[in-house]
Amino acid sequence: MKYFVSIFLFAFMMQPSILHAEPVGDSMDICLCRNVLARTLCKQPQDLKYIDEYQTSNTYSFTVFYAKTETRFVCLVTDTEIRIQGKAWQPIMRTIPLDFESNHFCGLVNYSVPECPYEKPIICCSEKSVKQEKEDKAYDFWNRPIPEILEDEIRLREMQENAPTE
């Protein structure tokens, strides 16, 4: 019985960290949602707590202390816009245009609220995969100016000629 109770208590204590664990692949969408919601509510992004994603549909749920109570907000990210909705004391529903920069895997949102002093653009980037990193390195290598490539070749030959032979 003691063993069962200790397992139950351990599982219960671990539950909040499981609920608020952010998925790795959706980091850009969650960043965009968190920042747009924070801007809308004139809060700091770290004040919003991530809850979950609705069935892998790019719809995310957050909570924040707003209008004297903990309030839930929902955010949907599409290719061209971000939609937010919340049922606070005054219902909130907004659609904000989203620009996606495919070269850098970043989302850019120009959004401001008159009541809030924050006016800088919101920029959130996703992490590149290993394959994308390799492609970027190959692209950077082959698109260098010709003199740099020749200098590297000359430097490599000199190193090989000056290397001690066994």
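Of the contacts in this chain with a separation of 6 or more, 34% join residues 24 or more positions apart. Keep in mind that you're looking at a predicted model.

**The whole chain**

Start with everything in cartoon view. You should find 4 helices and 8 strands, and following the sequence gives the pattern α-α-β-β-β-β-β-β-β-β-α-α. The chain has 166 residues, and 27% of them are buried.

**Helix H2**

Now select residues 27–41, which is helix H2. H2 has 15 residues, and from first C-alpha to last it reaches 21 Å, close to the 21 Å expected at 1.5 Å a residue. Switch on the surface of everything else and H2 mostly disappears: 12 of its 15 residues are buried, so the rest of the structure largely encloses this helix. Try colouring the buried ones, among them Met28, Ile30, Leu32, Val36 and Leu41. Charged side chains are in that group too, including Asp29, Arg34 and Arg39. Step just past the end of H2 and click on Cys42, where phi is positive, at about 60 degrees.

**The core**

Stay with H2 but bring in its surroundings. The largest nonpolar core has 29 residues, and Leu32, Val36, Phe62, Ile82 and Val109 are the ones with the most contacts inside it. Which element gives the most to this core? That's H2, with 8 residues. At least two residues each also come from E2, strand E3 (69–77), strand E4 (81–86), E5 and strand E8 (122–125).

For a closer look, centre on Leu32. Beyond its neighbours within four places in sequence, Leu32 is in contact with Ile82, Leu98, Gly107, Val109, Ile122 and Cys124.

**The pocket**

Next, show the largest pocket, which holds about 190 Å³ of space. Select Thr40, Tyr66, Ile92, Arg94 and Glu115: of the 12 lining residues, these lie nearest the pocket's centre. Helix H2 and strand E5 (92–97) are the elements that give two or more residues to this lining. Colour the lining by type and you'll get 8 nonpolar, 2 polar and 2 charged residues.

**Ser61**

Move on to strand E2 (residues 59–66) and pick Ser61. Is Ser61 buried or exposed? Its relative accessibility is 0%, so Ser61 counts as buried. Leaving out residues up to four places away in sequence, Ser61 touches Lys49, Tyr50, Ile51, Asp52, Tyr54, Arg72 and Phe73.

**Out to Lys120**

Now head for the loop between strand E7 (106–109) and E8, where you'll find Lys120. Lys120 counts as exposed because its relative accessibility is 66%, and the cut-off for exposed is over 50%. Draw a distance from its C-alpha to that of Asn110: these two are 10 residues apart along the chain, with 7.4 Å between their C-alpha atoms.

**Last stop: Cys125**

Finish in strand E8 with Cys125. At 42% relative accessibility, Cys125 counts as partly exposed. With residues up to four places away in sequence not counted, Cys125 touches Met28, His104, Phe105 and Cys106. Met28 takes you back to H2, where it is one of the buried residues. One more distance to draw: the C-alpha atoms of Cys125 and Glu101 are separated by 9.1 Å, with their positions 24 residues apart along the chain counted as their separation.

Notes:
Residues numbered from 1 in each chain as written. Predicted model: local features only at pLDDT ≥ 70, side-chain atom pairs only at ≥ 80, totals over all residues. Heavy atoms only, no water. 1 Å grid on protein atoms, 1.4 Å probe; cavity = no way out; pocket = protein on both sides within 12 Å on 5 of 7 lines; lining within 4 Å. Points joined across faces, edges and corners; volume = space filled by probe spheres on them. Nonpolar A, V, L, I, M, F, W, Y, C, P; charged D, E, K, R; others polar. Buried < 20%, exposed > 50% of the residue type's maximum accessible area, 1.4 Å probe, protein only. Contact = heavy atoms within 4.5 Å. Core = buried A, V, L, I, M, F, W, Y, C linked by side-chain atoms within 4.5 Å. Expected span 1.5 Å × (residues − 1).
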